[in-house]
Amino acid sequence: MKIATWNVNGIRARQAQVQDWIERERPDVVCLQEIKVASDQVRKALCEMQAYWCYWHGGKGYSGVGLHVSKNLASERPAFSHPEFNYENRIVAVDLKTGGDRLTVASVYVPNGGKDFPAKMRFLTAMDEYAVSFQATGRQLVLCGDMNVARTDMDVHPKERKPRAIGQLPEERALIERILGHGLVDVGRALDPDNDGLFTWWAPWRNMRQRNIGWRLDYVLASGPLAARVSACAVQTDVGTSDHAPVVALFD
């Protein structure tokens, strides 16, 4: 099973890139963030991809998430839903059954926090409670997307490390660790624990991406039993013109 996530920073500016990427990668589940459109603004080739069940959850010009499931993985349209803490079109989840596994995958776009930091903390706290709710059910969980928090200093280039910068604050990092503490694994870091150049976002100036002066903000967080089967989790730094790169995880 291949699960991919990408903050596209505006799907209208990158429709062809996203379509080509999906056709090339053929993920079983595609999670998109910051689509910045309502579904009626997405061209038919994306909104009605023949090989996928497509769900768009966005508004004009701001935020928004997408979640698309291969028809090879789900022969009938699966159940898409929104946790109660969803606001500003920031999370959509889908329930799947793969083999003997009952699985929920969520596409998540955590608020940046620059304009309303308390709202970001409320969202992360609610996501922590959401992760707790899966522990007693036996259903596995994968949280994919732009968490807008760099877990540790290793996840920020030395030139970008600022102790009081939003996205690097101790209270934000503590909430991410709490979420992980509910049986989830950061599969990208688990597979590449010592890589201090593993970034997914770069400021769009001064050739920051080409120089790899970035932050790791985009994650695939998976329940332990599923994470134990991960064989790859690649940051595709050469894909697209968004300020974020796709992250693609492969589970055996």
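**Stop 1: the largest cavity**

Sort the lining of the largest cavity by class and you get six nonpolar, two polar and three charged residues. This is a predicted model, by the way. To see that lining, select Asp186, Gly188, Leu198, Thr200, Arg216, Asp218, Tyr219, Val220, Cys233, Val235 and Val247. The space they line is about 60 Å³, and the structure has one cavity of 30 Å³ or more.

Now colour strand S10 (218–223) and strand S11 (230–235): each gives at least two residues to the lining of this largest cavity. Which element gives the largest share? That is S10, with three residues.

**Stop 2: the two largest pockets**

Next, go to the largest pocket, with a volume of about 370 Å³. It is lined by 19 residues, and the ones closest to its centre are Asn112, Asn148, Trp201, Trp215 and Leu217. Select those five, then widen to the full lining: eight residues are nonpolar, six polar and five charged.

The second largest pocket comes in at about 270 Å³. Here the lining has 15 residues, with Tyr62, Arg90, Asn112, Gly113 and Lys115 closest to the centre. By class, this second lining splits into five nonpolar, four polar and six charged. Keep Asn112 highlighted as you switch views: it is among the residues closest to the centre of the largest pocket, and it is also listed among those closest to the centre of the second largest.

**Stop 3: helix H3**

Select residues 117–135, which make up helix H3. How does the distance between its end C-alpha atoms compare with what 19 residues should span? The expected span at 1.5 Å a residue is 27 Å and the ends are 28 Å apart, so the two agree.

Show the side chains of Phe117, Ala119, Lys120, Met121, Phe123, Leu124, Ala126, Met127, Asp128, Tyr130, Ala131 and Phe134: these are the buried residues of H3. Residues three or four places apart in an α-helix point the same way, as there are 3.6 residues a turn. To see what covers the buried residues of H3, switch on strands S6 (91–98), S7 (101–109), S8 (140–146) and S9 (184–186), along with helix H4 (170–180), all of which are included in that cover.

Stay on H3 and centre on aspartate 128, which lies in this helix. Is aspartate 128 buried or exposed? Its relative accessibility is 5%, so it counts as buried, the cut-off being under 20%. Beyond its neighbours within four places in sequence, aspartate 128 touches Arg178, Ile179 and His182. Try a distance label from aspartate 128 to glycine 181 as well: C-alpha to C-alpha they are 9.2 Å apart, with their positions 53 residues apart in sequence.

**Stop 4: the loop after H1**

Jump to the loop between helix H1 (15–25) and strand S2 (29–33), where you'll find proline 27. Arginine 26 sits in the loop between H1 and S2 too. Check the backbone of arginine 26: phi is near 50 degrees, a positive value for a residue that isn't glycine. With 45% relative accessibility, arginine 26 is partly exposed. Proline 27, on the other hand, is buried at 1%.

What is proline 27 in contact with, leaving aside neighbours within four places in sequence? Select Lys2, Ala4, Ile22, Tyr52 and Ser70. For a long-range label, pick glutamate 177: 150 residues from proline 27 in sequence, and 27 Å away in space between C-alpha atoms.

There's another positive phi to look at: asparagine 89, near 60 degrees and again not a glycine. Asparagine 89 belongs to the loop between strand S5 (79–81) and S6, and is partly exposed at 22%.

**Stop 5: the cysteines**

Finish by selecting the cysteine sulfurs. How many disulfides are there? The count is zero. Cysteine 144 is in no disulfide, and the nearest cysteine sulfur, on cysteine 31, is 4.1 Å away. A pair has to be within 2.5 Å to count, so that one misses the cut-off. Cysteine 144 is buried at 0% relative accessibility. Cysteine 54 is buried as well, with a relative accessible area of 11%.

Technical notes
Residues are numbered from 1 along each chain as its sequence is written. This is a predicted model: local features need pLDDT of at least 70, side-chain atom pairs count only at pLDDT 80 or more; totals for chains, interfaces and linings use all residues. Side-chain values use heavy atoms; hydrogens and water are left out. Buried means under 20% relative accessible area, exposed over 50%, partly exposed in between (1.4 Å probe, protein chains only). On a 1 Å grid over the protein atoms alone, a cavity is a set of points where a 1.4 Å probe fits but cannot get out, and a pocket is an open set with protein on both sides within 12 Å along at least five of seven lines; lining residues have an atom within 4 Å of a point. Grid points are joined across faces, edges and corners, and a volume is the space filled by probe spheres set on the points. Helices (H or I, at least four residues) and strands (E, at least two) are DSSP runs, numbered from the N terminus. Ala, Val, Leu, Ile, Met, Phe, Trp, Tyr, Cys and Pro count as nonpolar, Asp, Glu, Lys and Arg as charged, and the others, Gly among them, as polar. Contact means heavy atoms within 4.5 Å. The expected span of a helix is 1.5 Å times one less than its number of residues.
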